[in-house]
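Subject: A structure for you to look at

Hi there,

I am passing a structure on to you, with some notes on what turned up in it. Have a look at it first, then read on.

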Amino acid sequence: MIQLSGCAEALYTDLPFVERIEAIARLGIPAFEFWAYAEKDLNAIAQTASTANMKCAGIVCDTGGPLVDAANRDNVAGAVAQSIDAAKTLDCRTMIVTVG
């Protein structure tokens, strides 16, 4: 089943981040997604999503650097584990992984 989500990074950029989620909810869109999570207040995002009855459709997985760089292998496991923890905080079942 296709699930529509609004990208909180690209929509309503004049608003503080959590208010973007509320604005997307007012459009009737049932879910939101966003990119980098490291500098965001995940607990505030999770609370806002719950209050607005929104689902987090996806976040970008931090891989610790390019997956195509063999020298980066040691960073990958830790970075992906942190991304999984972030996704769990948001009750988000999808992570977007890029290789380059």
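To begin at the start of the chain: how many bridges join strand E1 (residues 6–7) to E2? Two bridges join them, and the strands E1 and E2 run parallel. One pair to look for is Cys7, which stands opposite Glu33 in E2. Between these strands the chain crosses from E1 through H1 to E2, a β-α-β crossover that is right-handed. Please keep in mind that this is a predicted model.

Now for the overall plan. The chain holds three helices and four strands, and reading along the sequence gives the pattern β-α-β-α-β-α-β. Along its principal axes, the C-alpha trace spans about 45 × 30 × 25 Å.

The strands come next. In general, strands of a sheet pair through backbone hydrogen bonds, either parallel or antiparallel. Here the four strands form an open sheet in the order E1-E2-E3-E4, with parallel pairing. E1 and E4 stand at the edges with a single partner strand each, so one side of each has no neighbour in the sheet.

Moving across the sheet, strand E2 (residues 31–34) pairs with strand E3 (residues 55–60) in the parallel sense, over four bridges. You can find Phe32 opposite Cys56 in E3. Together, E2, H2 and E3 make a right-handed β-α-β unit.

Further on, E3 pairs with strand E4 (residues 95–96), again in the parallel sense, over two bridges. Ile59 has Met95 in E4 as its bridge partner. To get from E3 to E4 the chain passes through helix H3 (residues 73–89), and this β-α-β crossover is right-handed.

Finally, the helices. How do H1 and H2 lie with respect to each other, roughly parallel or roughly perpendicular? The axes of helix H1 (residues 17–26) and helix H2 (residues 42–51) come within 9 Å and cross at roughly 20°. Angles under 35 degrees count as roughly parallel, and H1 and H2 are therefore roughly parallel to each other. The crossing of H1 past H2 is right-handed.

Which residues meet where these two helices touch? From H1 come Phe17, Val18, Ile21 and Glu22, and they meet Ala44, Ile45, Thr48 and Ala49 in H2. Sorted by type, the residues of this contact are six nonpolar, one polar and one charged.

If you open the model, you could start with the sheet, following the order E1-E2-E3-E4, and then turn to the contact of H1 with H2.

Happy browsing, and best wishes!

Notes: Residues numbered from 1 in each chain as written. Predicted model: local features only at pLDDT ≥ 70, side-chain atom pairs only at ≥ 80, totals over all residues. Heavy atoms only, no water. Axes fitted to C-alpha atoms, helices over the stretch in contact; angles between N-to-C directions. Parallel < 35°, antiparallel > 145°, perpendicular 65-115°, else oblique. Left-handed = near helix turned anticlockwise from the far one by under 90°. Contact = heavy atoms within 4.5 Å. Nonpolar A, V, L, I, M, F, W, Y, C, P; charged D, E, K, R; others polar. Pairing = 2+ DSSP bridges. Right-handed = clockwise from strand over helix to strand, strands pointing away.
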